[in-house]
Amino acid sequence: MVSVASLATGALTAVALVVALVALRAWWHARTTKVLLLALGFLVFFVKGLFLSVMLFIEPRWAMESLVPAVFLDLVAIGSFHAAAVARA
Amino acid sequence: MSRTNLRLFALFTVAVFATAGAASAQADDTDEAWREEPRELEGRAMADGFSLMSRRDSELGSDRIEVSFSVDDASLRYSFVSLEEGNETVIVTRLAFLALVEFRDRDEDGRYGLGDEAVQRYDLATLDARMAPAEPVLEGGFAAVATYPLENRSRGDEGPLGGDTPELVPGELRFVFRMSPEVRIAPSGRVAPTEVAIDVALDRFPFQEGDTQVALETRFASNRPLVDVTDAASGLSVGEGVFSSRYAWPEMDAPPAAVLAEDGAVVAFSMARETASLGPLRLGAARTVGVPEEVVRFFTEGEPWVYATGALVALVAAGVPAVMRLREVR
């Protein structure tokens with residue numbers, strides 16, 4: 001059976017990388033706090049993707065072991081998005 | 001971010017972690033309480049073994065455990081029957097003590113395996129064993145002892161390896177089976193009332209060579225598949241759904257060698273010449289409500305090519321439109 005989790009983790013990491021690069025490029029042009037916080041949020045998702053990718057290949061019980069750090073990274077990213085939404089332009 | 005928003009975010013973070021931690025701890029506590037809840041235990045001695053019946057019907061669960069041992073074929077049958085509504089199941093496991101093998105540790109890994117030389121073998125089912133009947137012990141539990149004589153085969157004409165007239169005091173292999181209606185504190189730790197603990201003692205093993213060790217071969221089989229073999233260094237579990245039966249052993253310097261099959265395994269415990277005991281081995285039922293087995297199976301180990309395919313597809317699917325859009329903007 002194809003490992004759906006492997007496929008999804010690879011895809012998540014790649015998409016997060018693309019979106020983070022686009023957001024960083026946008027910040028490079030706009031230089032606003034809002035866009036920077038947005039880019040940081042996407043970067044955190046990319047870091048989460050990298051973390052899950054490493055765990056996927058080194059830890060047999062990776063899903064259980066990485067649950068808490070992954071949720072923590074999600075919260076940091078959501079916090080960053082929230083800060084972007086409420087920050088003054 | 002304003003102070004109020006920061007406080008709200010911090011509160012949200014703490015609440016999520018506290019809820020997740022509390023839910024996880026509660027699941028673990030429930031499983032432990034299920035395992036350690038006192039039970040009714042009855043034992044019956046037979047000429048060639050014993051049988052035990054352990055049951056409970058409470059808020060934590062409704063189930064019964066039937067245990068029987070036959071000294072002639074040296075096998076222990078452990079049957080767990082859950083009567084819980086919606087979780088009815090029957091898990092039957094059989095632990096057979098196959099043989100004592102004197103072996104030379106050719107590959108020097110400290111345990112009996114495929115690369116080692118077997119010097120002699122005592123198949124337990126062929127030995128003239130005797131059984132001391134199951135009897136009540138102080139804690140209200142039961143204990144029974146099975147003894148297998150090991151006659152010396154090292155000199156003379158008879159026996160498969162040129163054995164001689166047996167020595168006057170043969171060696172012996174003893175199994176002490178224990179089960180209690182409540183948690184029992186043993187030197188090796190807590191023994192739950194759902195568990196049968198088996199201490200193995202070996203006296204005066206008739207070694208044929210001076211540089212060998214001895215191993216006890218066991219076979220663990222079930223009507224349910226093996227689950228969670230990632231923890232095979234300390235035991236093996238079979239089961240389906242929330243219930244499982246586990247064959248466990250204590251931490252050892254040389255972990256046992258195991259050959260796994262879909263519904264069980266052959267496990268060989270090696271003992272150095274100076275070591276005369278093993279255990280306790282344990283056979284017991286467990287309930288795990290933490291994470292469903294289907295979820296665990298879904299999150300299997302990583303497959304590099306599948307991972308790379310997913311990354312590549314996503315990179316193209318997300319990257320190409322992004323690059324095109326950026327060019328338009330420029």
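In which strand of chain B does Ser245(B) lie? In this predicted model, Ser245(B) belongs to strand β16 of chain B, and with a relative accessibility of 1% Ser245(B) counts as buried, because buried residues are those under 20%. Setting aside residues up to four places away in sequence, the contacts of Ser245(B) include the aromatic residues Tyr78(B), Phe80(B) and Phe220(B). Also touched by Ser245(B) are Ile91(B), Thr93(B), Leu236(B), Ser237(B) and Val238(B), together with Gly284(B) and Ala285(B).

Before going further into chain B, it helps to consider how much confidence the predictor places in each part. For the complex, the predictor gives an ipTM of 0.78 and a pTM of 0.63. Chain A has a mean pLDDT of 88, with 97% of its residues reaching 70 or more, while for chain B the mean is 80 and 79% of the residues reach 70 or more. Within chain A, confidence is lowest in helix α3 (residues 62-65), where the mean is 78, and highest in α2(A), where it is 92. In chain B, residues 156-160 call for caution, since pLDDT stays under 50 over this stretch. The model nevertheless has nine contacts beyond four places in sequence for residues 156-160 of chain B.

Chain A can be described briefly in terms of its secondary structure, which comes to four helices and zero strands, so that the order of elements from the N terminus on reads α-α-α-α. Of the 89 residues in chain A, 37% are buried. Among the contacts in chain A with a separation of 6 or more, 64% are accounted for by residues 24 or more positions apart.

The aromatic residues offer another way through the model, as a search of the whole structure finds 21 aromatic pairs over all chains. One of these pairs is formed by Phe45(A) and Phe81(A), whose rings are 6.0 Å centre to centre with 35° between the planes, an arrangement that is tilted. This pair links distant parts of the chain, with Phe45(A) in helix α2 (residues 33-58) of chain A and Phe81(A) in helix α4 (residues 67-86) of chain A, 36 residues apart. Phe45(A) counts as partly exposed because its relative accessibility is 23%, and Phe81(A) is likewise partly exposed, with a relative accessible area of 24%. In chain B, the rings of Trp249(B) and Phe269(B) have their centres 5.4 Å apart and their planes at 75°, so this pair is edge-to-face. Here too the pair links distant parts of the chain, with Trp249(B) in the loop between β16 (243-248) and β17 (257-261) of chain B and Phe269(B) in strand β18 (residues 264-271) of chain B, 20 residues apart. Trp249(B) counts as buried at 5% relative accessibility, and Phe269(B) is buried with a relative accessible area of 0%. Chain B also holds an aromatic cluster made up of Phe50(B), Phe69(B), Phe97(B), Tyr148(B), Phe175(B) and Phe177(B).

Two members of that cluster, Phe50(B) and Phe177(B), lead on to the internal space of the model. The structure holds one cavity of 30 Å³ or more, and the largest cavity has a volume of about 40 Å³. Ten residues line the largest cavity, and those nearest its centre are Phe50(B), Leu52(B), Phe142(B), Ala144(B) and Phe177(B). The elements of chain B that give two or more residues to this lining are β2 (49-57), β8 (142-150) and β9 (171-179). By class, the lining has nine nonpolar residues, no polar ones and one charged residue.

Among the lining residues, Phe142(B) can be followed further. Phe142(B) is placed in strand β8 of chain B and is buried, with a relative accessible area of 14%. The C-alpha atom of Phe142(B) is separated by 9.9 Å from that of Val196(B), 54 residues apart along the chain.

A last stop is Ala192(B), which sits in the loop between β11 (189-191) and β12 (195-203) of chain B. Although placed in a loop, Ala192(B) counts as buried, at 5% relative accessibility. Leaving aside neighbours within four places in sequence, Ala192(B) is in contact with Arg35(B) and Glu36(B). The C-alpha atoms of Ala192(B) and Arg282(B) are separated by 9.9 Å, with their positions 90 residues apart along the chain counted as the separation.

Notes:
Residues are numbered from 1 along each chain as its sequence is written. Chains are lettered from A and ligands numbered from 1 in the order in which they are written. This is a predicted model: local features need pLDDT of at least 70, side-chain atom pairs count only at pLDDT 80 or more; totals for chains, interfaces and linings use all residues. Side-chain values use heavy atoms; hydrogens and water are left out. pLDDT is the predictor's confidence in each residue, from 0 to 100. Contact means heavy atoms within 4.5 Å. On a 1 Å grid over the protein atoms alone, a cavity is a set of points where a 1.4 Å probe fits but cannot get out, and a pocket is an open set with protein on both sides within 12 Å along at least five of seven lines; lining residues have an atom within 4 Å of a point. Grid points are joined across faces, edges and corners, and a volume is the space filled by probe spheres set on the points. Ala, Val, Leu, Ile, Met, Phe, Trp, Tyr, Cys and Pro count as nonpolar, Asp, Glu, Lys and Arg as charged, and the others, Gly among them, as polar. Rings of Phe, Tyr and Trp (its six-membered ring) pair if their centres lie within 6.5 Å; planes under 30 degrees apart count as stacked, over 60 as edge-to-face and the rest as tilted. Buried means under 20% relative accessible area, exposed over 50%, partly exposed in between (1.4 Å probe, protein chains only).
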